[in-house]
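Colleague: I'm new to this one, so could you walk me through it? I'd like to hear the reasoning behind the labels you use.

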Amino acid sequence: MCNTSLHAFLAALPKAEHHMHLEGSLEPELLFELAAKNKITLPVATDPVFASAESLRRRYETFENLDDFLGYYYIGMSVLIDGSDFEALAYAYFTKAASQNVRHAEVFFDPQAHTSRGVELSTIVESVKRAQARAEADFGMTTQLIMCLLRHLPLSEAMETFTQAKNSGYFADGTLAAMGMDSSELPFPPPVWKDLYDAANELGIRTTIHAGEEGPPLYVTQALDLLGAQRIDHGVRALTEGDDALVSRLASSKTLLTMCPLSNVRLNCISSLSEFPLRRLIDSGVRFSINSDDPAYFGGYILENYCALQDTFNLGIRDWEMIAKGVMMGSWCTDERKAQLLVEIEDAVNEWARYLEEQ
């Protein structure tokens, strides 16, 4: 909760989320529940933090870096076996997001981490689609699904999964809104994936990529120039270490950066929230969104990220109006939905501005 008077306003502000891994919303309690259901033996013999949900959650507070986190991330998702598991996971996230007034969510999933364990791509996709339909019916939330491929696996395997999704018609019918890439960054620079992105771009498929999280600003430039990425996930180092030319380019092209402040701190990309480049983002006119990344692992969902920034930077209502509208404009929903959500933002901002003036 914010330590300022704007907490209730931030809770009421209509939000969109663009950077949230469904597998990263697997809370320890659900992890243990699904492990028991599916008879999955967690590695407590070699890592005692798996003795309980409480000890596992405490371990999440001490990640050294991205790869330290990823080790637990991949162990955690091993408990996801059948369609009901994926539907429960996705619907639990949508329920939590709706409680924080997320009105539109574009979520990632990592199919290769499941198909390698014998889970069919269709099982994952159709199960998440059921959760999406429930979220729209129950909460009025629109959602889109983005397939992320894993950089630590060979290009040939990424191409195989992409081709399977394409041949299943998931891009053509809108089941998948875009293709992205995640996992370890530094050893796997953007040029490695040019053939994959060329294939997606030729078909007019939207593309995004995690870049500039632990990797240098050069990775962001390469993602734009070599891969034709339309969106950059994270990109924090483009602002903390990048030169003015790169920042100006991001601003003028309206390339959306899907930023994750609490994640950046938890994974030691920045030492504290005061180092998060919020002022440079705002002053330079770069379009960005604030997201939770892997909220079960990083100590907060989207509202906690908003509140953490408010506590650190003491923004005003009009600052948040600008941020919220930029978030909606950078979304991949329909223009009609964008217009609707922009009106919701204006209504919320005006209501709270009047309320605060009267206090």
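Colleague: Why is Glu126 called partly exposed?

Modeller: Glu126 has a relative accessibility of 32%. The partly exposed class runs between the buried limit of 20% and the exposed limit of 50%, so Glu126 counts as partly exposed. Bear in mind that this is a predicted model.

Colleague: What makes Glu126 and Lys129 a salt bridge?

Modeller: Their side chains meet with N to O at 4.0 Å. The cut-off is a Lys or Arg side-chain nitrogen within 4 Å of a carboxyl oxygen of Asp or Glu, and this pair is counted as a salt bridge. Both residues sit in helix α7 (residues 121–139), three residues apart, which is about one turn of the helix. Lys129 has 33% relative accessibility, so it too counts as partly exposed.

Colleague: And what's the idea behind such pairs?

Modeller: Side chains of opposite charge can pair when their charged atoms come close.

Colleague: How many salt bridges does a search of the whole structure find?

Modeller: It finds 17. One of them joins the side chains of Asp244 and Arg280, at 2.9 Å from N to O.

Colleague: Why do you say that the pair Asp244 and Arg280 ties parts together?

Modeller: Look at where the two residues are. Asp244 lies in helix α12 (residues 244–253) and Arg280 lies in helix α14 (residues 278–284), so the pair ties together parts that are 36 residues apart in sequence.

Colleague: Are Asp244 and Arg280 buried or exposed?

Modeller: Asp244 has 57% relative accessibility, and exposed means over 50%, so Asp244 counts as exposed. Arg280 comes out at 24%, so it falls in the partly exposed class.

Colleague: What makes Arg318 and Glu321 a salt bridge?

Modeller: Their closest N and O atoms are 2.8 Å apart, and the limit is 4 Å, so the pair qualifies. Arg318 and Glu321 both belong to helix α17, three residues apart, or about one turn of the helix.

Colleague: Why is Glu321 called buried?

Modeller: The relative accessible area of Glu321 is 13%, and buried means under 20%, so the label fits. Arg318, at 47%, counts as partly exposed. Salt bridges with shared partners also join Arg318, Glu321, Lys325 and Glu346 into one network.

Colleague: Let's turn to the sheet. What makes β5 and β8 edge strands?

Modeller: The open sheet has four strands in the order β5-β6-β7-β8, with parallel pairing. β5 (208–211) and β8 (288–290) each pair on one side only, and that makes them the edge strands. Neighbouring strands of this sheet are turned by 25° against each other on average, direction ignored.

Colleague: How do you know that β6 and β7 pair?

Modeller: Strand β6 (residues 231–234) and strand β7 (residues 256–259) share three bridges in the parallel sense, and at least two are needed, so they count as paired. Asp233, for instance, has Thr258 in β7 as its bridge partner. Helix α10 (residues 217–225) packs on the sheet, touching β5 and β6, and its direction makes about 165° with that of β5.

Colleague: What is special about the phi of Lys39?

Modeller: Lys39 has a positive phi of about 55° although it is not a glycine. It is found in the loop between α2 (28–37) and α3 (53–59). With a relative accessible area of 72%, over the 50% limit, Lys39 is called exposed.

Colleague: And what about Asn314?

Modeller: Asn314 has a positive phi as well, near 50°, and it is a residue other than glycine. It lies in the loop between α16 (302–313) and α17 (317–329). Its relative accessible area is 60%, so Asn314 is exposed.

Colleague: Why is the protein chain called as compact as a globular protein of its length?

Modeller: Its radius of gyration is 20 Å, and the globule rule gives 21 Å for 359 residues; the two are close, so the description holds. The chain has 18 helices and eight strands, and buried residues make up 59% of its 359 residues. Among contacts between residues at least 6 apart in sequence, 78% join residues at least 24 apart.

How values were computed:
Residues are numbered from 1 along each chain as its sequence is written. This is a predicted model: local features need pLDDT of at least 70, side-chain atom pairs count only at pLDDT 80 or more; totals for chains, interfaces and linings use all residues. Side-chain values use heavy atoms; hydrogens and water are left out. Helices (H or I, at least four residues) and strands (E, at least two) are DSSP runs, numbered from the N terminus. Buried means under 20% relative accessible area, exposed over 50%, partly exposed in between (1.4 Å probe, protein chains only). Axes are lines fitted to C-alpha atoms, for helices over the stretch in contact, and angles run from 0 to 180 degrees between N-to-C directions. Contact means heavy atoms within 4.5 Å. The radius of gyration is taken over C-alpha atoms; the globule rule is 2.2 Å times the number of residues to the power 0.38.
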